Amino acid sequence: MEKNGKQAFRIVLIRIMSNTTIEKIRHRLGDELAAMNDIIRTSLSTSDPLMGRVVDQYLRTKGKQIRPLLVLLSARLFGAINDSTLHAAASLEMLHNATLIHDDVVDNADYRRQTPTINKDFDNRIAVLVGDFFVSTALQEAIKTKDMKAVVSVAELGKELSLGEIDQISNARDRSIDEDRYFDVIGKKTASLFMKCVKMGSETTDASDIQIGCLVEFARLLGLCFQIKDDIFDYFDDEEVGKPTGNDLRENKVSLPLIYAVNSDSDDKTGEKMRALLIRGELSEDEISALIGFAKEKGGIDYAYSVMERMRGEAEEILQKLPANEWRDCFADLFDFTIRRHS
């Protein structure tokens, strides 16, 4: 009982520390974030009553807005935030939200972080059209940066994110348990957005190509870690995460902890049984529980954390090549937050 109490206290402490980290960064960029959100609200404003109602309802839950924070931090790292930076941040945030809206349709999701999805409150037709509206508005905001590179970046990103989702569906259908294919998918569907955020933010300053390249590589590692941590949540029951344990496995999505466990198991009988379940698909709740337990028992969660720690080490080396200022420290803090976060 005492051990459980200490563990619960440690979890609460970690949550407080991680929330404090991100809130400090948000506070330091509070005025700029507010300006960006004003741009988003204005650009999405419409005389159509139904579209207006759906958009207003959706914008009430903004989340932590890590992606636009990356845009703003990048500009601060190399110089100052200007109007182009704000329009770039707004563009990427709207494109990100468009992908979430469309993903909820693809996944038939009723809730995202305990909030009803657009397709649940309205229907799939409305959700798809609202997502399209966000995409078009994102491109409009990219144009307002008055830099064709920003427009190209947003267009390229839209393609990359779509390909990432398609590859994820393909992996699920193939019952893939290949680690390289896993990293290829999360590179496209998550890391690519982080990379574009720092690229577009940096390009609104006088940063050199070498500096931008370093920060883009940092963002790639950050994005990969962000998705790995997101996938780890699927192995634990937590209301704040907003999805039930094993939800990915219900959709035949196999993430890093289980990929590692299945491919490294020395017990042939157990390993073969788990592989057979994954290849067959259409898992029962008992089978999902068995696979989750297997991943934990075989060190899959520990392995995933070790991968993130290795990436953090690489990221810290990259940061040393960039300007030494308070904003560089924020990037390091953001990496720590990504690994410690609980939702």
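**View 1. Helix α4 has the length expected of a helix.** In this predicted model, α4 runs over residues 66–78. At 1.5 Å a residue, its 13 residues should span 18 Å. The C-alpha atoms at its ends lie 19 Å apart, which agrees.

**View 2. Helix α4 is largely enclosed by the rest of the structure.** Why say so? Because 12 of its 13 residues are buried, and buried here means under 20% relative accessible area. The buried residues of α4 start with I66, R67, P68 and L69. L70, V71, L72 and L73 are buried too. So are S74, A75, L77 and F78.

**View 3. The largest cavity holds about 100 Å³ of space.** Rolling a probe the size of a water molecule over the atoms shows where empty space is left. A search of the whole structure finds two cavities of 30 Å³ or more. Which residues line the largest cavity? They are N37, I40, R41, Y58, L59, T61, K62, Q65, E93 and N97. By class, three are nonpolar, four polar and three charged.

**View 4. Helices α2, α3 and α5 help to line the largest cavity.** These helices cover residues 30–43, 49–59 and 83–106, in that order. Each supplies at least two residues of the lining. Which helix gives the most? That is α2, with three residues.

**View 5. The second largest cavity holds about 40 Å³ of space.** Its lining consists of R175, L249, N252, V254, L278 and L283. By class, this lining has four nonpolar residues, one polar and one charged.

Key. Residues are numbered from 1 along each chain as its sequence is written. This is a predicted model: local features need pLDDT of at least 70, side-chain atom pairs count only at pLDDT 80 or more; totals for chains, interfaces and linings use all residues. Side-chain values use heavy atoms; hydrogens and water are left out. On a 1 Å grid over the protein atoms alone, a cavity is a set of points where a 1.4 Å probe fits but cannot get out, and a pocket is an open set with protein on both sides within 12 Å along at least five of seven lines; lining residues have an atom within 4 Å of a point. Grid points are joined across faces, edges and corners, and a volume is the space filled by probe spheres set on the points. Helices (H or I, at least four residues) and strands (E, at least two) are DSSP runs, numbered from the N terminus. Ala, Val, Leu, Ile, Met, Phe, Trp, Tyr, Cys and Pro count as nonpolar, Asp, Glu, Lys and Arg as charged, and the others, Gly among them, as polar. The expected span of a helix is 1.5 Å times one less than its number of residues. Buried means under 20% relative accessible area, exposed over 50%, partly exposed in between (1.4 Å probe, protein chains only).
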